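Please open the structure in a viewer and keep the selection tool at hand. The tour below proceeds by selection, stop by stop.

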Amino acid sequence: MEPVPLKRSVKPPRVWQRMLSGRRLDLAHPSPMDVEIEDIAHGLARVARWNGQTKGEHAFSVAEHSVVVEQIVRKLEPGLGPDAWLTALLHDSPEYVIGDMISPFKALLGESYKDIEARLQEAIHIRFGLRPVTSGALKKVIKKADHICAWFEAVQLAGFSEAESNGFFGKPPEGMKFRLKPLSAPEAQQLFLERFEAIQAAMTAETAR
């Protein structure tokens with residue numbers, strides 16, 4: 001008689017990440033209570049745009065990219081308030097957990113990647129008092145700013161020609177110029193945190209009026 005094999009209990013996979021703050025962020029069901037701006041700044045400052053395929057001693061980080069995008073949003077729409085500025089600054093914030101996947105890879109992953117990203121974005125927005133889902137109008141402005149920033153990154157750092165960048169991202173508005181300088185991770189982290197704190201102060205002042 002053949003021995004009956006013992007059934008082994010299958011341990012469910014770990015779907016949370018421990019942050020330096022000590023928080024455990026559940027990727028399947030992220031809680032706003034487990035989101036800390038210091039963790040976001042630390043992570044984004046160490047995530048490279050363009051998979052690190054850029055010129056210079058340092059990678060161009062998502063933290064630095066986020067600061068530039070927020071600056072472009074303010075140039076495109078001067079009438080926007082601090083809530084919109086913060087939404088722009090945090091537009092890539094889920095990448096502090098899931099990294100910055102290049103667009104071709106995102107296309108291959110499809111909807112599953114987008115669902116995880118959206119849940120993280122909602123938790124982050126709620127944590128900092130923003131609308132869980134960004135309005136279509138603001139999302140459009142941020143996407144335009146994102147493309148403008150990507151154009152400058154592509155031409156100045158990633159080896160693209162202006163003609164190539166025009167085809168992928170569209171030509172930047174006339175007169176808009178940026179000189180990008182990749183920072184070290186600690187510098188990029190500090191830059192991101194300083195801009196976050198400035199926006200928070202502007203939000204507090206607006207509420208007090």
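The model shown here is predicted. Begin by selecting Asp39 together with Met19, Leu20, Ser21, Arg23 and Tyr96: these are the residues in contact with Asp39 once its neighbours within four places in sequence are left aside. Asp39 itself belongs to helix H1, which covers residues 37-44.

Remain at this stop and consider the charge of the side chain. Which side chain of opposite charge is nearest to Asp39, and how far away is it? It is Arg23, at 6.2 Å. Asp39 has no salt bridge, although the residue is buried.

Next, select helix H7 (136-156) and helix H8 (162-169), each of which supplies at least two residues of the lining of the second largest pocket. To display the whole lining, select Trp151, Phe152, Glu162, Asn166, Lys171, Pro172, Pro173, Glu174, Gly175, Met176 and Lys177. The pocket they enclose, the second largest, has a volume of about 190 Å³. Colouring its lining by residue class gives five nonpolar, two polar and four charged residues.

For the final stop, select Gln156, which is also found in helix H7. Is Gln156 buried or exposed? Its relative accessible area is 16%, which is under the 20% cut-off, so Gln156 counts as buried. Beyond its neighbours within four places in sequence, Gln156 is in contact with Lys55, Phe178, Arg179 and Leu180. Finally, add Ser66 to the selection: Gln156 and Ser66 are 90 residues apart in sequence, and their C-alpha atoms are 17 Å apart in space.

Notes: Residues are numbered from 1 along each chain as its sequence is written. This is a predicted model: local features need pLDDT of at least 70, side-chain atom pairs count only at pLDDT 80 or more; totals for chains, interfaces and linings use all residues. Side-chain values use heavy atoms; hydrogens and water are left out. Helices (H or I, at least four residues) and strands (E, at least two) are DSSP runs, numbered from the N terminus. Buried means under 20% relative accessible area, exposed over 50%, partly exposed in between (1.4 Å probe, protein chains only). Lys and Arg count as positive and Asp and Glu as negative; His and the chain ends are not counted. A salt bridge is a side-chain nitrogen of Lys or Arg within 4 Å of a carboxyl oxygen of Asp or Glu. Contact means heavy atoms within 4.5 Å. On a 1 Å grid over the protein atoms alone, a cavity is a set of points where a 1.4 Å probe fits but cannot get out, and a pocket is an open set with protein on both sides within 12 Å along at least five of seven lines; lining residues have an atom within 4 Å of a point. Grid points are joined across faces, edges and corners, and a volume is the space filled by probe spheres set on the points. Ala, Val, Leu, Ile, Met, Phe, Trp, Tyr, Cys and Pro count as nonpolar, Asp, Glu, Lys and Arg as charged, and the others, Gly among them, as polar.
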